[in-house]
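Work through the exercises below with the sequence and the model open. Each task is followed by a solution in steps.

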Amino acid sequence: MTEKDELTESEVAQILPAMAQIDSVLDPEALFPAMAKQLRSLVKYEALLIYVAQDDGFRVAFGEGEPKALSDPKTGGAQLVETTQKREAFVRAHDSIHVLTQPLMYGDRLVGVLGLEANQSRTFGRRGVSLVGMIAGNLATAIENANLHREARWYAGLLAMLHEAGKEMGSILDLTALCDHVAEVVHRVVDYEMFAIFLVDEKADELVLKTARQMASIAPRRRIALSEGLTGAAARSKEPVIVGDVRDDPRYIAVEPEVRSELVMPLVNKGRVVGVFDLESRELNRFTHEHIKVLTPLASQVAVAIENARLYEEISRRETRYRKELAIARRIQEGLFPEESPKGERWEASAHFIPARELAGDLFDFYHVDENHLGLSVGDVAGKGIPAALFGAFTSGTIRGRAFQGAAPSRVLFRANRTLIRRAGEGLYCALTYAHFDFEKNEVRIASSGLPYAIHFKAAEKKASLIVLPGVPLGLFDNVEYDELAIPLEPGDVFVFHSDGVTEAWNGTEEFGSMRLTDLITEHASKSPRELGREIERTLRDWAKQHLANDDVTFVIVRVT
């Protein structure tokens, strides 16, 4: 490279702030325009295309100007192929248009290609190529970071959706209504064209159609032998079956002639197949292993919900006996809750519990270690009824066993989660907040696994606010680390820990909400915990009326004296 071709210090200095601007953008929608803006400040060009890698090749993610050679398969297209194959930058002249294609490498992986067009050959001389090459790694890193950011946001949304879907499905005990609801939930995750749920009839050794959506001209078969078809293969193997072109698979049962690809997900509960999801599409290779990854936890939840619904149907046929047993179960559950709230020289406490049904999915407990220490927990199990109550009892016992060991709240949740993962049933999990008050240190330490944010009334400020502390529900994923907050204690401070039945109380038009709850606590914070609790109960009943029975309402109040 001649001295004229070499980059000057000022040109190199321009690169750093440009790359800093690009690195600061994590939103994929805003990233590519930001790249183009910074590239314009460094390189003169007439048109730009940014290609990103996909499983089946490359797609244009962003364009600027009116690319001519780049958009022509015989010119720019061939140069793009050469760049992706050799993973080198190339400058080619196509008539009067000069094209630079630069591979964007993240480590040893090709994540994209930058294509630039200019009408002047000197634009992409050695200096231009060198400059673009210097920033290519940063561009690749920015693309990868944006993809990771998008995936993280998507996965967080998926977890929230699965949590809510689990709670919704757990509350539906009619099998037909449950399967119809599952079809809607699956559609939120995978935009299928055709969908069906088959349940296993063990006596007949068959799969029986329970619900079907968008099956076109020909009605699906209502019964399929477990030895037949892709559905039977998935049920027998207890593994997903994915076929890109059903015409090439002899197991496929031709019902809808236009179907080209199919995905079958087994519904397995405690090692036993209870049914399958069957998703079909008119597109070749419509379904991917990413769909399997997304649908696997949902299938586990659905399997549990189906078993619960079947159990409920069986119990309904023996209602008299069921009611007697249910009454006994409720008395047992009530016996698991503390008979009265503890009181110390430095604090007052009060617990309030309004179950929506005979058996509740909410739980609470106190761990009165000594005069200077108080532990408590409030939890909400996904679903209702017997499974939720049993899982709640198991969770409560697990937390209690670790609370008295003196571990920090975050470690209590970590250890409890590992126990629940290894010993609990599939599809069951619990959002729970654990708090430990230390009146010697004048602080409370709090950890949460996804329960609605607790509320802290600060006497010095005469105002209540949310304690923002997110977390992953117990029993959902292994080896989850939980955050922990330490909050100073002052006389007159009030803490309210509650399940979502409080803030989601529905009056037929809107939810009660966190803002109303914080305002209510601020207004009545000077009252004793018991009186404040009664005020909250009275306000919720007036607000929701008959709708209050839609979910358990549980909250615990601690006031520092």
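The exercises on this predicted model go from the whole chain to one strand and then to one helix.

**Exercise 1. Describe the protein as a whole: its secondary structure, extent, burial and contacts.**

Step 1. Count the elements: the protein has 13 helices and 21 strands.

Step 2. Take the extent along the principal axes: the C-alpha atoms fill a box of roughly 85 × 70 × 45 Å.

Step 3. Apply the burial cut-off, under 20% relative accessible area. Of the 561 residues in the protein, 50% are buried.

Step 4. Sort the contacts by separation. Among those with a separation of 6 or more, 63% join residues 24 or more positions apart.

**Exercise 2. Characterise the surface and the charges of the protein.**

Step 1. The exposed area is about 26,600 Å², and carbon and sulfur atoms supply 49% of it.

Step 2. The protein carries 66 positive and 83 negative charges. The mean positions of these two sets are 2 Å apart.

**Exercise 3. Determine how strand β14 is covered and which strands pair with it.**

Step 1. Locate the strand: β14 spans residues 373-381, and 9 of its 9 residues are buried.

Step 2. Separate the faces. One side holds His373, Gly375, Ser377, Gly379 and Val381, while the other holds Leu374, Leu376, Val378 and Asp380. Both faces are covered.

Step 3. Look at one partner. β13, residues 362-370, pairs with β14 in the antiparallel sense over 7 bridges. Asp362 stands opposite Asp380 of β14. With 2 residues between them, β13 and β14 form a hairpin.

Step 4. Look at another partner. β15, residues 430-438, is also antiparallel to β14, with 9 bridges. Here His373 stands opposite Asp438 of β15.

Step 5. Combine the steps: β14 is antiparallel to β13 and to β15, and both of its faces are covered.

**Exercise 4. Establish which residues of helix α6 are buried, what covers them, and what follows the helix.**

Step 1. Helix α6 runs over residues 229-237, with 7 of its 9 residues buried.

Step 2. The buried residues are Gly229, Leu230, Thr231, Gly232, Ala233, Ala234 and Ala235.

Step 3. Recall the geometry: an α-helix has 3.6 residues a turn, so residues three or four places apart point the same way.

Step 4. Find the cover. The elements over the buried residues of α6 include the strands β6 (194-201), β7 (206-213), β8 (223-225), β9 (241-243), β10 (261-269) and β11 (272-281).

Step 5. Check the backbone past the end: just after α6, Lys238 has a positive phi of about 60°.

Notes. Residues numbered from 1 in each chain as written. Predicted model: local features only at pLDDT ≥ 70, side-chain atom pairs only at ≥ 80, totals over all residues. Heavy atoms only, no water. Helix = DSSP H or I, 4+ residues; strand = E, 2+ residues; numbered from the N terminus. Buried < 20%, exposed > 50% of the residue type's maximum accessible area, 1.4 Å probe, protein only. Contact = heavy atoms within 4.5 Å. Areas by Shrake-Rupley, 256 points an atom, 1.4 Å probe, with all protein chains shown as cover. Lys, Arg positive; Asp, Glu negative; His and termini not counted. Charge placed at Lys NZ, Arg CZ, Asp CG, Glu CD. Pairing = 2+ DSSP bridges.
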